[in-house]
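Open the model in your viewer and keep the selection tool at hand. This tour goes from stop to stop, saying what to select and what is there.

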Amino acid sequence: MAGIMFNASKPMKFLAFASTLAVSIALSCSSFGQGKKSYTFGLVAKSQSNPVFQAARTGAEQAAKELGARNGVLIRIDWRTPNDEDAQKQAEAIEQLVLAGADGIAVSCSDANKLTDAINSAVKNGVPVATFDSDAPASKRFVTFGVDDVKCGQQVMEELGKVMEGKGTIAILAGNQNAPNLQKRVQGVKEAAKKFPGIKIRDTYYHKETPQDAAAKVEQVMQANPDINGWAMIGGWPLFTDNALKWQPGTVKCVAVDALPPELAYLRSGHVQLLLAQQCYEWGYRSVDHLINKVHFKKNPPAVKDVSPLVPVTRDQVDEYAKNWEKWLPK
């Protein structure tokens with residue numbers, strides 16, 4: 001009997017030792033993990049081909065490095081952007097990110113109606129969602145970062161009205177008709193146009209958000225309406241291509257949103273009088289900042305709308321502004 005009790009005590013002592021060791025290892029790993037906690041944030045922009053979203057990706061990657069190091073965490077950006085604009089593919093990307101265990105998601109919505117359910121489903125499953133550039137206001141996203149789109153349109157029209165000296169016939173170039181941010185910009189252009197009774201709006205022209213489609217639309221409209229002498233471009237899509245504007249410099253006035261490297265050439269040539277730059281690098285950087293605060297620090301932003309002002313770029317400023325793109329676009 002005594003022998004049996006002696007043999008039984010060995011596994012008991014071993015189990016006690018193993019238990020103590022396991023607790024020690026767990027505590028050690030826990031302590032190490034506090035300095036190396038990692039998060040994965042999904043980034044779903046509108047299209048791979050648009051340079052503004054390439055800049056947003058660079059901003060997100062830089063934020064992951066800088067803000068991760070500053071806050072003692074590891075951050076990975078999971079880029080899930082469709083090659084061409086496709087709201088359904090964006091919705092699928094959000095679903096895939098949730099299934100893959102993403103800790104947070106930032107999305108620029110091609111179509112708010114198609115993305116609201118996907119965003120709400122992600123939030124329901126414990127994954128916070130931020131929007132940038134183009135919002136889904138009826139969704140459960142916790143913050144949206146970008147320009148005030150109505151004011152953006154107003155600013156485009158006010159600047160165009162100045163360079164046209166308050167008279168003429170203009171066209172509005174408006175991109176994707178289903179994008180809520182662009183709808184609001186068109187609204188802003190039309191509101192501000194009321195300040196210029198001598199300016200007539202011929203029409204609003206929509207197109208796929210590719211440089212080729214936009215340039216073709218501008219040429220088509222100008223051929224059909226040669227009296228148009230002003231363009232309010234609420235996005236700079238055609239300016240991403242060479243020789244998109246066929247008129248002689250100065251004969252048609254143009255104010256456009258965005259100031260990417262290809263667009264800057266049109267400022268230099270005099271085809272465009274003013275570019276209003278969105279802070280597209282900050283779309284990615286600021287979105288990651290918001291997600292870190294939400295996920296890691298459990299802090300909500302002070303307001304749902306985080307407004308980013310437009311940066312005016314003139315011919316005199318173009319060379320200095322161009323230096324930004326050396327760091328914003330991938331090498």
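Which residue in strand 2 is the bridge partner of Thr40? Select Thr40 and look across to strand 2: the partner is Arg76.

**Before moving on**

This is a predicted model, in which local features need pLDDT of at least 70, side-chain atom pairs count only at pLDDT 80 or more, and totals for chains, interfaces and linings use all residues. Residues are numbered from 1 along each chain as its sequence is written, and side-chain values use heavy atoms, with hydrogens and water left out.

Show the whole chain as a cartoon. There are 11 helices and 12 strands. Helices (H or I, at least four residues) and strands (E, at least two) are DSSP runs, numbered from the N terminus. Of the 331 residues in the chain, 50% are buried. Buried means under 20% relative accessible area, exposed means over 50%, and partly exposed lies in between (1.4 Å probe, protein chains only).

**Stop 1: the parallel sheet**

Select strand 1 (residues 37-44) and strand 2. They run parallel and are joined by 7 bridges. Two strands count as paired if DSSP finds at least two bridges between them. Strand 2 covers residues 73-79; 5 of its 7 residues are buried, so this strand is largely enclosed by the rest of the structure.

Now add the other strands of this open sheet. Its 6 strands follow the order 2-1-3-4-5-11, with parallel pairing. Strand 2 and strand 11 (305-307) are the edge strands, each pairing on one side only. From one strand to the next, the twist averages 20°.

Move to strand 4 (residues 129-132) and strand 5 (residues 143-146), a parallel pair with 3 bridges. Pick Thr131 here; its bridge partner in strand 5 is Thr144. Then add helix 4 (residues 112-124), which packs on the sheet and touches strand 3 (104-107) and strand 4. The direction of helix 4 makes about 145° with that of strand 4. Contact means heavy atoms within 4.5 Å.

**Stop 2: helix 2 and helix 9**

Select helix 2. This helix lies across strand 1, strand 2 and strand 4, running at about 165° to strand 2. Angles run from 0 to 180 degrees between N-to-C directions, and axes are lines fitted to C-alpha atoms, for helices over the stretch in contact.

Add helix 9 (residues 280-295). Helix 2 (residues 51-71) packs against helix 9 at an angle of about 35°, with the axes 6 Å apart. The residues of this contact divide into 14 nonpolar, 5 polar and 3 charged. Ala, Val, Leu, Ile, Met, Phe, Trp, Tyr, Cys and Pro count as nonpolar, Asp, Glu, Lys and Arg as charged, and the others, Gly among them, as polar.

**Stop 3: the mixed sheet**

Select the second set of strands. This open sheet has 6 strands in the order 7-6-8-9-10-12, with mixed pairing. Strand 7 (199-206) and strand 12 (311-313) stand at the edges with a single partner strand each, so one side of each has no neighbour in the sheet. On average, neighbouring strands here are turned by 15° against each other, direction ignored.

Zoom to strand 6 (residues 168-175) and strand 7, which pair in the parallel sense over 7 bridges. Ile170 stands opposite Ile201 in strand 7. Next, show helix 7 (residues 211-224), which lies across strand 6, strand 7 and strand 8 (230-233) and runs at about 150° to strand 8.

Is Thr204, in strand 7, buried or exposed? Thr204 counts as buried, at 12% relative accessibility. Beyond residues up to four places away in sequence, Thr204 touches Ile172, Ala174, Val186 and Lys190.

**Stop 4: the cores**

Show side chains. The largest nonpolar core has 87 residues, of which Phe41, Trp231, Met233 and Leu275 touch the most other members. A nonpolar core is a set of buried Ala, Val, Leu, Ile, Met, Phe, Trp, Tyr and Cys residues joined through side-chain atoms within 4.5 Å. Pick Met233: its contacts more than four places away in sequence include Val156, Leu173, Val218 and Cys254. Another core, of 17 residues, lies apart; among them are Ala102, Leu115, Ala122 and Val129.

**Last stop: two loop residues**

Select Glu165, in the loop between helix 5 (149-163) and strand 6. Glu165 has a positive phi of about 55° although it is not a glycine, and counts as exposed at 65% relative accessibility. Finish at Asp258, in the loop between strand 9 and helix 8. Asp258 has a positive phi of about 85° and is buried, with a relative accessible area of 7%.
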